Amino acid sequence: MIAALKSLFAPPDQADSENALRMAGALLLLEVAAADFEFGKMERGMLQQRLGKKFDIAGGELDRLVDDAMREHDLTVSLHEQVDLLNAHYDAAQKRGLIQDLWAMAYADGEIHHYEEAAIRRLADLLYVPHRDFIQTKHEVTGLS
């Protein structure tokens, strides 16, 4: 009984935290991808590319993350839990990298829809990413300087 109570209050192990951060990042990427109500092969390819690179995963593990994230995204009402998790674990450079990934997701089809930009702006604000970084990462992804 005491062991069961201790396990309830024990901090999550490293693997659980890493999986939660992976899922949080994937859900934010999907939120941007779905903002323009179109999700095709280019967006899925960009999602896999960005997640694979960011978390150094490939193959079946990457496919499972993408499939799980897509199912979870369909059920998710709010991203505040994911944003809170990322704010607690990511430093400024990691958050900036995530915003860059969000821009790449939005630009996967060669254009950025205004709904996608609004979603990224909202997420950047929630992640406390400076507006300067929001704009610079957009320019880095789209090739504007």
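Throughout these legends, buried means under 20% relative accessible area, exposed means over 50%, and partly exposed is in between (1.4 Å probe, protein chains only). This is a predicted model, with local features requiring pLDDT of at least 70 and side-chain atom pairs pLDDT 80 or more, while totals for chains, interfaces and linings use all residues. Residues are numbered from 1 along each chain as its sequence is written, and side-chain values use heavy atoms, with hydrogens and water left out.

**View 1. The overall layout is helical, with eight helices and zero strands.** Reading along the sequence gives the pattern α-α-α-α-α-α-α-α. Helices (H or I, at least four residues) and strands (E, at least two) are DSSP runs, numbered from the N terminus. Of the 145 residues in the chain, 39% are buried.

**View 2. Asp 56 sits in the loop between H3 and H4.** Helix H4 on the far side of this loop covers 59–75. Look at the backbone here: phi of Asp 56 is near 55°, a positive value in a residue other than glycine. Asp 56 has a relative accessible area of 71%, so it counts as exposed.

**View 3. Phe 37 and Tyr 115 form one of the two aromatic pairs in the structure.** Rings of Phe, Tyr and Trp (its six-membered ring) pair if their centres lie within 6.5 Å; planes under 30 degrees apart are stacked, over 60 edge-to-face, the rest tilted. The centres of Phe 37 and Tyr 115 are 6.1 Å apart and the planes stand at 90°, so this pair is edge-to-face. Phe 37 comes from the loop between H2 (14–34) and H3 (41–55) and Tyr 115 from H7, so the contact ties together parts 78 residues apart in sequence. Phe 37 has 72% relative accessibility, so it is exposed. Tyr 115, at 43%, counts as partly exposed.

**View 4. Trp 103 and Phe 134 pair up as well.** Here the ring centres are 5.2 Å apart with the planes at 50°, so the pair is tilted. Trp 103 belongs to H6 (residues 92–106) and Phe 134 to H8, so this pair links parts 31 residues apart in sequence. Both Trp 103 and Phe 134 are buried.

**View 5. H6 is largely enclosed by the rest of the structure.** That description holds because 11 of its 15 residues are buried. Among them are Leu 98, Ile 99, Leu 102, Trp 103 and Met 105, along with Lys 95, Arg 96 and Asp 101. The length checks out too: the 15 residues of H6 should span 21 Å, and the end C-alpha atoms are 21 Å apart. (The expected span is 1.5 Å times one less than the number of residues.)

**View 6. H7 has a buried side and an exposed face.** Its 13 residues should span 18 Å, which agrees with the 18 Å between its end C-alpha atoms. The buried residues of H7 are Glu 116, Ala 119, Ile 120, Leu 123 and Ala 124. These cover an arc of only 130° around the axis, which puts them on the same side of H7. (The arc is taken from the directions from the helix axis to the C-beta atoms.) On the face turned away from that side are the exposed residues His 114 and Asp 125.

**View 7. Tyr 128 is in the loop between H7 and H8.** Like Asp 56 in its own loop, Tyr 128 is a residue other than glycine with a positive phi. For Tyr 128 that phi is near 60°. Its relative accessibility is 66%, so Tyr 128 counts as exposed.

**View 8. H8 lines up its buried residues on one face.** H8 should span 16 Å with its 12 residues, and its end C-alpha atoms are 17 Å apart, which agrees. Asp 133, Phe 134, Thr 137, Lys 138 and Thr 142 are buried in H8. Down the helix axis, they fall within an arc of 155°, so they line one face.

**View 9. H7 and H8 each supply at least two residues to the lining of the largest cavity.** A cavity is a set of points on a 1 Å grid over the protein atoms alone where a 1.4 Å probe fits but cannot get out; lining residues have an atom within 4 Å of a point. Searching the whole structure turns up one cavity of 30 Å³ or more. Its volume, the space filled by probe spheres set on the points, is about 30 Å³. The lining is Arg 121, Ala 124, Asp 125, Val 129, Pro 130, His 131 and Phe 134. H7 gives the largest share, three residues. By class, there are four nonpolar, one polar and two charged residues. (Ala, Val, Leu, Ile, Met, Phe, Trp, Tyr, Cys and Pro count as nonpolar; Asp, Glu, Lys and Arg as charged; the others, Gly among them, as polar.)

Technical notes:
1 Å grid on protein atoms, 1.4 Å probe; cavity = no way out; pocket = protein on both sides within 12 Å on 5 of 7 lines; lining within 4 Å.
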